[in-house]
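Welcome to this guided tour! Please bring up the structure in your viewer and keep the selection tool handy.

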Amino acid sequence: MSFEILGISSYVPKKVLTNYDLERIVDTSDQWITERTGIKERRIADENETTSDLAAKAALKLFEEISFNPSKIDAIVFATATPDNLIASTACSFQAKIGARKAFAFDISAACPGFLYGLKIADGLLRSDDIEYVLLAGAETLSRYVDWLDRTTCVLFGDGAGVALLKRSTSFNKRILSWNLGADGNLRDLLIMPAGGIAMPFSKNALDKRLCYIKMKGREVFKNAVLKMQNSVEDVIRKAKIKSSEIDWFVPHQANIRIIEALRERLGLPKDKVYVNINKYGNTSAASIPIALREMLDRKLVKKGQLVLMTSFGAGFTWGSILIRW
Ligand code: COA
């Protein structure tokens, strides 16, 4: 039992924030951001646009493109670190907005690898006889959690959404050839938004101390990201019993071009097999991989039967890699 990918779609907000715009907000420069991160611009959601809105725009576009009736969807798996509300789930807002009346719906909180965690969960759901369609979403409005006074983080993130519509299939045995998902909660303080949850509810004090925003120890996160994704990818390659030269496309989480480059070198992959679009969107967390996949499909880069290896790393820490046959 496996699944077909009926379609992948993405949406990014219209508003573009360039590095030059950021020069007017914090003490930074286009040169620093470009050289240290590879990012040139990112998208920012409108004031009243939420995470579920971004994902709904991506999903509704897809339903129109492939003439799909959303009332057929059995389950919605929604990956986000920036939910519309803490209670109720973003998946439920999304379900209402796209008219997926029959679907049960839930959020997963796994930060940047959320889409890969979600893909593994969706694969499990689709092994059940009575679940035929799963809609997987990865969407973020990180601009609301970013501290616009902190130049070490505010230049990195962007908003966006991606969705994948999956259908149970018996036509071939395995879509996911191998996978590796991991987490290390001991390192969670290296990338965290301290206030806003039960541990430290929102308060004037939290706001004054700017604890309601993303805090990150960049250098440590960088080192861990490279190491954890390298180990994870190597495990996936080993389990699939393939050589890295057999991989057709490597789709890494888009967090920093230097992380992607370090990984590529360690894994011995040629540049033309690695998909990069960080220059346009920055780090869109759980939306990063589906946005990249949609672009690759639009550009007719990915072909049926090819081996596509995706990898990601994020807050938690969480990480993961999934190898699929397209
Ligand atoms: N503009 C100008 N200077 C900046 C800056 C900015 N936006 N941000 C930081 N700096 C300065 C620092 O203050 C520091 O100055 P100092 O040497 O006078 O103290 C200097 O640049 C170097 O800072 P450092 O943190 O060592 O830079 P770096 O090369 O590690 O790059 C990151 C910083 C954040 C880009 C990098 O560490 C990174 O990408 N980390 C991982 C981020 C990530 O992947 N996060 C999400 C995981 S999903």
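The tour below goes from the ligand to some salt bridges and ends at a serine.

Before you click, note that this is a predicted model, where local features need pLDDT of at least 70 and side-chain atom pairs count only at pLDDT 80 or more, while totals for chains, interfaces and linings use all residues. Residues are numbered from 1 along each chain as its sequence is written, and side-chain values use heavy atoms, with hydrogens and water left out.

**Stop 1: the ligand and its shell**

Select the ligand and the residues near it, meaning those with a heavy atom within 4 Å of it. There are 24 residues around the ligand, and T28, R36, R151, R219 and N256 come nearest. By kind, the shell divides into eleven nonpolar, eight polar and five charged residues. Here Ala, Val, Leu, Ile, Met, Phe, Trp, Tyr, Cys and Pro count as nonpolar, Asp, Glu, Lys and Arg as charged, and the others, including Gly, as polar.

Now colour by secondary structure; helices (H or I, at least four residues) and strands (E, at least two) are DSSP runs numbered from the N terminus. Which helix gives the most residues to the shell? Select α8, which supplies four. The elements that each bring at least two residues are α2 (30-37), α6 (151-154), α8 (218-240), α9 (257-267) and β12 (307-314).

Next, colour domain 1 (2-169) and domain 2 (176-325): each gives at least three residues to the shell around the ligand. The domain bounds come from an automatic or database domain assignment.

**Stop 2: polar contacts with the ligand**

Zoom in on polar contacts, which are pairs of N or O atoms within 3.5 Å; within protein, one must be able to donate a hydrogen and the other to accept it, and residues adjacent in sequence count only if both atoms are side-chain atoms. Three to pick out:

- T28: a polar side-chain atom is 2.6 Å from a nitrogen atom of the ligand.
- G218: a backbone N or O atom is 3.0 Å from a nitrogen atom of the ligand.
- R258: a side-chain N or O atom is 2.9 Å from an oxygen atom of the ligand.

On its own, the ligand has 960 Å² of accessible area, and the protein covers 77% of that. Such areas come from the Shrake-Rupley method with a 1.4 Å probe; for residues, only the protein chains shown count as cover.

**Stop 3: salt bridges**

Side chains of opposite charge can pair when their charged atoms come close. Counting a salt bridge wherever a side-chain nitrogen of Lys or Arg is within 4 Å of a carboxyl oxygen of Asp or Glu, the total is 17.

Select K57 and E49, whose salt bridge spans 2.8 Å from N to O. Is E49 buried or exposed? With 6% relative accessibility, E49 is buried (under 20%; exposed is over 50%, partly exposed in between, using a 1.4 Å probe and protein chains only). K57, at 38%, is partly exposed.

Move to helix α9, where R264 and E261 form a salt bridge of 2.9 Å, N to O. These two are three residues apart, so about one helical turn separates them.

In helix α11 (residues 288-298), find D298 and R294, four residues apart. Their closest N and O atoms are 3.1 Å apart in a salt bridge. D298 is partly exposed at 48%, whereas R294 is buried at 11%. Add E65 to your selection: salt bridges that share partners join E65, R294 and D298 into one network.

**Stop 4: a buried serine**

Finally, select S312 in strand β12. S312 is buried, at 1% relative accessibility. A polar atom of the S312 side chain lies 3.3 Å from the backbone oxygen of C112.
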